[in-house]
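Colleague: I would like a close look at one part of this model, with the surroundings added afterwards. Please keep it brisk.

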Amino acid sequence: MPFDVTDQPGEQWKKIAKLHKQFAHLSSERLIKLIRNAGIIDKSVGDIVDDVTTSCDVCKRFKKAPPRPAVGFPLATVFNETVVLDLKVFRSGYVGVCALLACRSSYLSHVASMIQAPAIQRQSK
Ligand SMILES: [Zn+2]
């Protein structure tokens, strides 16, 4: 089935879709390059290739997810400007992690008494 630009638009779409599938779902840029290397230089082929690749269900399903925006704490410039605390339940108490972002140091300690005391006071009111 040779590719001919004089085919009906529906036939061109089918042939390009077949090429797209046979070459393992090539991107539109690579498929256009492949078709041009075969000696077909037609502007309408690029539009059809774009239509085929954007409407392909397999490509939609396995498309790379866009990168998530990086979220972080503001950078600290002086000591104690940004302090990060995290708690983790460990056995019967809590383990706390304190990190100072300015000097990039962190501390790990058992903080069960600091956490339980305010919680008991709030529940008794
Ligand atoms: Zn595809």
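Which residue in β3 is the bridge partner of Cys98?

Modeller: The bridge partner of Cys98 is Tyr107, in β3. Keep in mind that this is a predicted model.

Start with the strands around that pair. β2 covers residues 93-100. Six bridges join β2 to β3, and the two strands run antiparallel. In general, strands of a sheet pair through backbone hydrogen bonds, either parallel or antiparallel.

Now widen the view to the sheet. The sheet is open and has three strands, in the order β1-β2-β3. Its pairing is antiparallel. β1 (83-90) and β3 (105-110) stand at the edges. Each has a single partner strand, so one side of each is left without a neighbour in the sheet. From one strand to the next, the twist averages 20 degrees. Tyr107 thus belongs to an edge strand, since β3 stands at an edge.

Next, the helices. Two packed helices are described by the angle between their axes and the distance between the axes. For α2 and α3 (residues 43-55), the angle is about 140 degrees and the axes are 9 Å apart. Angles over 145 degrees would count as roughly antiparallel, and 65 to 115 as roughly perpendicular. The pair fits neither class, and α2 and α3 are therefore oblique to each other. Their crossing is right-handed.

Which residues meet there? From α2 come Ser28, Leu31, Ile32 and Ile35. From α3 come Val45, Gly46, Val49, Asp50 and Thr53. By class, this contact has five nonpolar, three polar and one charged residues. Asp counts as charged, and Gly is among the polar ones.

Last, the loop between α1 (9-22) and α2 (28-37). Most residues other than glycine have a negative phi. Ala24 lies in this loop, and its phi is positive, near 55 degrees. His25 also has its place in the loop between α1 and α2. Its phi is positive too, about 60 degrees, although His25 is not a glycine.

Are these two buried or exposed? Ala24 has 7 other C-beta atoms within 10 Å, so it is exposed. The cut-off for exposed is 12 or fewer. His25 has 13 C-beta neighbours inside 10 Å and therefore counts as partly exposed.

Notes: Residues numbered from 1 in each chain as written. Predicted model: local features only at pLDDT ≥ 70, side-chain atom pairs only at ≥ 80, totals over all residues. Pairing = 2+ DSSP bridges. Helix = DSSP H or I, 4+ residues; strand = E, 2+ residues; numbered from the N terminus. Axes fitted to C-alpha atoms, helices over the stretch in contact; angles between N-to-C directions. Buried ≥ 20, exposed ≤ 12 C-beta atoms within 10 Å, placed from the backbone. Parallel < 35°, antiparallel > 145°, perpendicular 65-115°, else oblique. Left-handed = near helix turned anticlockwise from the far one by under 90°. Contact = placed C-beta atoms within 7 Å.
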